[in-house]
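Trainee: I'm new to this one and would like a close look at a single part. Could you take me to one buried charged side chain and walk me through what surrounds it?

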Amino acid sequence: MARWEPDARGRLAQAALELYLERGFDQATVAEIAERAGLTERTFFRHFGDKREVLFGGQEALHELVSNTIATQPDSAAPMAAMGAALATFAELLGQRRDFARQRQIVIDANASLQERELIKLTSLAATAARALRDRGVTEPAASLAAEAGIAAFRVAFTRWIQDDDRELTEFVSEALAVLETVTAGR
């Protein structure tokens, strides 16, 4: 086995995604993932807690990114503007991984338990954003509404982006937030 080749985590993630797409998430085993990556099961578990973490890893960093972006917005920024800035920052980062995002979504869409996990992830991210908004002095229910509405806009933008080859995720996020503003203004 080529255990000492670089980027074990990346190779494991790629092998897992390939197997999930070929055979389905439930049918792919950790042993098969490790074998395809040329690594051991032990190495897999050094990088991922379980098979789902291949698809959902990095949540702590995402929560920190959203919190920090909201926190660093000007004091004059409205709650939705601060949320929009956080989503734009996240979109820039995720936009660099369109192929992975597309493949990941195919796997999630084919498995009810992964869909549930995705919703939990988004709910948790909204809670983090709401907390960051409250830390800026935004009161309830405005903080929670801005966070939840922002996440809803992001979901719509993400769905449109993975189906489009020409536009960037940041464009879809900006557009979704603008439509949200129009809808809530009653125009």
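Mentor: Here is a walk from the whole chain to that one spot, and then out to some charged pairs elsewhere.

Keep in mind that this is a predicted model. The protein chain has 187 residues, and buried ones make up 43% of them. Its secondary structure comes to 10 helices and 0 strands. The C-alpha trace spans about 60 × 30 × 25 Å along its principal axes. Among contacts with a separation of 6 or more, 64% join residues 24 or more positions apart.

The side chain you're after is Arg98, which lies in helix H7. Arg98 is buried yet has no salt bridge. The nearest side chain of opposite charge belongs to Glu168, and that one is 4.3 Å away. A salt bridge here needs a nitrogen and a carboxyl oxygen within 4 Å, so a pair at a greater distance doesn't get counted.

So what does Arg98 reach instead? Backbone oxygens, for a start: its side chain gets to the one of Arg167 at 2.7 Å. A polar atom of the Arg98 side chain also lies 3.1 Å from the backbone oxygen of Trp161. Leaving aside neighbours within four places in sequence, Arg98 is in contact with Trp161, Asp164, Asp165, Arg167 and Glu168.

Two of those names lead further. Take Trp161: it's one of the residues with the most contacts inside the largest nonpolar core, along with Ile70, Leu94, Leu133, Phe154 and Val173. That core has 34 residues. Helices H5, H6, H8, H9 and H10 each supply at least two residues of it, and H9 (142-162) gives the most, with 10. Leu94 is a handy place to look inside, as Leu94 touches Ala101, Phe154, Phe158, Trp161 and Leu169, not counting residues up to four places away. There's also a second, separate core of 23 residues, and that one includes Ala15, Phe44, Phe56 and Leu114. In soluble globular proteins, nonpolar side chains tend to be buried together.

Now take Arg167. Arg167 belongs to a network of salt bridges with Arg160, Glu171 and Glu175. Arg98, as we saw, has no salt bridge, but Arg98 does reach the backbone oxygen of Arg167.

For another buried polar residue, look at Asn111, in the loop between helix H7 (98-109) and H8. Asn111 counts as buried because its relative accessibility is 8%. Its side chain reaches the backbone nitrogen of Leu114 at 3.0 Å. Beyond its neighbours within four places in sequence, Asn111 is in contact with Phe25 and Asp26.

Finally, a look at charges that do pair up. The count comes to 11 salt bridges. One of them joins Arg36 and Glu22, with the closest N and O atoms 2.8 Å apart. Arg36 lies in helix H2 and Glu22 in helix H1, so this pair ties together parts that are 14 residues apart in sequence. Arg36 is partly exposed at 37% relative accessibility, and Glu22 is exposed at 52%. Another salt bridge brings together the side chains of Glu32 and Arg23 at 2.5 Å, N to O. Glu32, with a relative accessible area of 29%, is partly exposed, and Arg23 is partly exposed too, at 39%. Keep those pairs in mind when you go back to Arg98, which is buried without a salt bridge.

Definitions and conventions:
Residues are numbered from 1 along each chain as its sequence is written. This is a predicted model: local features need pLDDT of at least 70, side-chain atom pairs count only at pLDDT 80 or more; totals for chains, interfaces and linings use all residues. Side-chain values use heavy atoms; hydrogens and water are left out. A nonpolar core is a set of buried Ala, Val, Leu, Ile, Met, Phe, Trp, Tyr and Cys residues joined through side-chain atoms within 4.5 Å. Buried means under 20% relative accessible area, exposed over 50%, partly exposed in between (1.4 Å probe, protein chains only). Helices (H or I, at least four residues) and strands (E, at least two) are DSSP runs, numbered from the N terminus. Contact means heavy atoms within 4.5 Å. A polar contact is a pair of N or O atoms within 3.5 Å; within protein, one must be able to donate a hydrogen and the other to accept it, and residues adjacent in sequence count only if both atoms are side-chain atoms. Lys and Arg count as positive and Asp and Glu as negative; His and the chain ends are not counted.
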